[in-house]
Amino acid sequence: MADDLLTGAQPSPAYDAASIEVLEGLEPVRKRPGMYIGGTDERALHHLVAEVLDNSMDEAVAGHASRIEIELHGDCSVTIKDNGRGIPVDPHPKFPDKSALEVILCTLHAGGKFSGKAYETSGGLHGVGVSVVNALSDFVRVEVARNKTVYAQEFSRGIPQGPVTEVGQAPNRRGTSVTFHPDAEIFGKLRLKPARLFKMARSKAYLFSGVEIRWKSHIDDGETPAEAVFHFPGGLSDYLTETLGNAATYADRPFAGKVQFQERFGVPGSVEWAINWTPARDGFIQSYCNTVPTPEGGTHEAGFWAAILKGIRAYGELANNRKAKDITREDLITGGCALVSCFIREPEFVGQTKDRLATTEAARLVENGVRDHFDNWLAADTKSAGAILDFLVLRAEERLRRRQEKETARKSATKKLRLPGKLVDCSAANRAGTELFIVEGDSAGGSAKMARDRKTQALLPLRGKILNVLGAASSKMTQNAEINDLSQALGVSMGTKFRVDDLRYEKIIIMTDADVDGAHIAALLMTFFFSQMRPLIDNGHLYLACPPLYRLTQGAKRVYCLDEVERDEWLAKGLGGKGKIDVSRFKGLGEMDAKDLKDTTMNPATRKLIRVSVDDDEPGETADLVERLMGKKPEKRFEYIQDNARFVEELDV
Ligand SMILES: Nc1ncnc2c1ncn2[C@@H]1O[C@H](COP(=O)(O)OP(=O)(O)OP(=O)(O)O)[C@@H](O)[C@H]1O
Ligand SMILES: [Mg+2]
Ligand SMILES: [Mg+2]
């Protein structure tokens, strides 16, 4: 084979000046879409909509538009319409035979946002966005209402299908409407997803309370509304409250606010933020600059955390809490749920998809803008401030303890087992017959502790939701405290270093509440085992406990029911006791007393377990399944776990 290459009969084509191509117009975009939209995957496809929407948002933030309409059509084309100034249509001074509209759509680096004259703090800055969309669409129609006239021009794959023409009168309307259909030559079978666009549209409305965004979709995905109007005068604070739902938080209301830089620092721009802390989930931060999401963070995020960190340490000092000085940014972020949105002049992003903000000044502006407010807020609401401080100090202590444990473990010459502090171990010396219950929350751990058989049953309470490992980088995973505790308790390593023989227990039993949250945690754990400790499943070590949903009592008689069906059966035939049957539904494991928990869920003689297994005949299906389990909707996962008998196979023990 290799010889063929060297002595090949085909003469290689000459490599000379003629082989150096110069791509003209929008051709480079079609040749290398990745350079402009970061790939040709689903994310890139949706980014096209973001580019057009960002242009309308820029128009709104500049004070020229108050309404944006997004319509997803049945053929997966999209229309984005605003009531702004309208893209200029007059002949362009540099290209007198072309309109500005055509120049903007068909030339890279053509735009009105370079000088800061037409826009003050815009998300757009490269003059590339809409021309890239044009290059990668097989159909584009732009309509502009300006000077009481409606103009239109159509394009395909970046090439005008005719000049700008007047198509009607618009005596009291103005604005821009861009309709485009992504090109299947570039994106293949990928389709725009209503749910994703819906979310994008809604978050934009949260980011700029001065705009109303109207959503319409002609594609029914079963969950996304066909029509909606977004207008959020409450801004990010409302957004955060909505995102956290009814999770318990350390502050009653988020620490939220907005600062205009002009008033404080004499430069244009502003920062708005909202943050709260919760034990219920891993922390997150979503940041934006000029309404453009920056998933990789950047200087604005750095400034924000610096303000929060300095504020909380100073507060700790005032409150005479010596440990406050140990709090680091890492502690703030775990459990801290934050939204930060800044508007600045001439932002510098990394890459055309603008994933990270690089403007150094933003760090200072945001830090100084947020800092005073945080100090005042902490001083005014001492109850919340105290709760947050305690939580963060605990985080810091845990982190230091883990680090110290690691160091002592490394120092000790003999290989000694390190076990996490919260593991309630069993006393049996051998693995045979032993079980580890992974329980949700500390309260459930309490009754489980009394219900267990001390000799063979061990407990590991997990706090909050473990990291969604599928989406996480492996470095993040090894830093996750809950995951570290879990693998330490099991006595094994993750990934390729996993040895099934090292397992310290024979059965690993996931015991979570019989509700949606419990199912979520169970799904997270199963996914974790599937991706990091697969042999543990293949060798039949992983189980799900089946806590009952109902307890029926009639006089002195009492039965437990796993589900509605069983409950209704008993209700129909009666328990054989006296009087009325009393039905109670368990909301969580923590509600059951130790005896109930033992009889129904833990005692090997009376309980039911489900063994988790993976169907090997359909390996493709399994990967798909994990994806599905890890989708964004916990209810879906719950249904899935309940309905699916392939992944979760029934087994009476
Ligand atoms: N909806 C709109 N209303 C008014 N002007 C618009 C609109 N959309 C685009 N424009 C004009 O077209 C120009 C080019 O848009 P384009 O998206 O290509 O680049 P940009 O927004 O300047 O920068 P970026 O490449 O970062 O998006 C804008 O600078 C603006 O002057
Ligand atoms: Mg743009
Ligand atoms: Mg352009």
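**Exercise 1. Place Met-200 in the structure and describe its surroundings.**

Solution. Met-200 lies in helix α8; helices (H or I, at least four residues) and strands (E, at least two) are DSSP runs, numbered from the N terminus. The model is a predicted one, in which local features need pLDDT of at least 70 and side-chain atom pairs count only at pLDDT 80 or more, while totals for chains, interfaces and linings use all residues. Residues are numbered from 1 along each chain as its sequence is written, and chains are lettered from A and ligands numbered from 1 in the order in which they are written.

The next step is burial. A residue is buried if 20 or more other C-beta atoms lie within 10 Å of its own, exposed if 12 or fewer, and partly exposed in between, with C-beta atoms placed from the backbone. Met-200 has 18 other C-beta atoms within 10 Å and is therefore partly exposed.

The last step is contact, which requires the C-beta atoms of two residues, placed from the backbone, to lie within 7 Å. Leaving aside residues up to four places away in sequence, Met-200 touches Val-49, Ala-50 and Leu-53. Met-200 and His-46 are 154 residues apart in sequence, yet 9.4 Å apart in space, C-alpha to C-alpha.

**Exercise 2. Describe the shell around ligand 1.**

Solution. Begin with the count: 21 residues surround ligand 1, a residue being near a molecule if its C-beta atom, placed from the backbone, lies within 6 Å of it. The closest are Asn-55, Gly-111, Gly-112, Gly-124 and Gly-129.

Then consider the helices. α4 (42-61) and α6 (129-135) each supply at least two residues of this shell, and α4 gives the most, with four residues.

Finally, sort by class. Ala, Val, Leu, Ile, Met, Phe, Trp, Tyr, Cys and Pro count as nonpolar, Asp, Glu, Lys and Arg as charged, and the others, Gly among them, as polar. The shell has five nonpolar, eleven polar and five charged residues.

**Exercise 3. Determine the strand order of the five-stranded sheet and the position of helix α9.**

Solution. Two strands pair if DSSP finds at least two bridges between them. The five strands form an open sheet in the order β10-β11-β14-β12-β13, with mixed pairing. β10 (255-260) and β13 (292-293) each have a single partner strand, so one side of each is left without a neighbour in the sheet. At one end, β12 (residues 284-289) and β13 pair in the antiparallel sense over two bridges, and Tyr-288 has Pro-293 in β13 as its bridge partner.

Helix α9 (residues 235-244) lies across β10, β11 (270-277) and β14 (336-343), at about 25° to β11. Axes are lines fitted to C-alpha atoms, for helices over the stretch in contact, and angles run from 0 to 180 degrees between N-to-C directions. Gly-235, Leu-236, Ser-237, Tyr-239 and Leu-240 of α9 are buried; their cover includes α8 (194-207), β10, β11 and β14. Just after α9, Gly-245 takes a positive phi of about 55°.

**Exercise 4. Analyse the three-stranded sheet.**

Solution. Its strands form an open sheet in the order β22-β21-β23, with antiparallel pairing. The edge strands β22 (557-561) and β23 (582-585) each pair on one side only. From one strand to the next, the twist averages 20°. Five bridges join β21 (residues 550-554) to β22, and Tyr-550 stands opposite Cys-561 in β22. Helix α20 (residues 564-573) lies across β21, β22 and β23, running at about 150° to β22.
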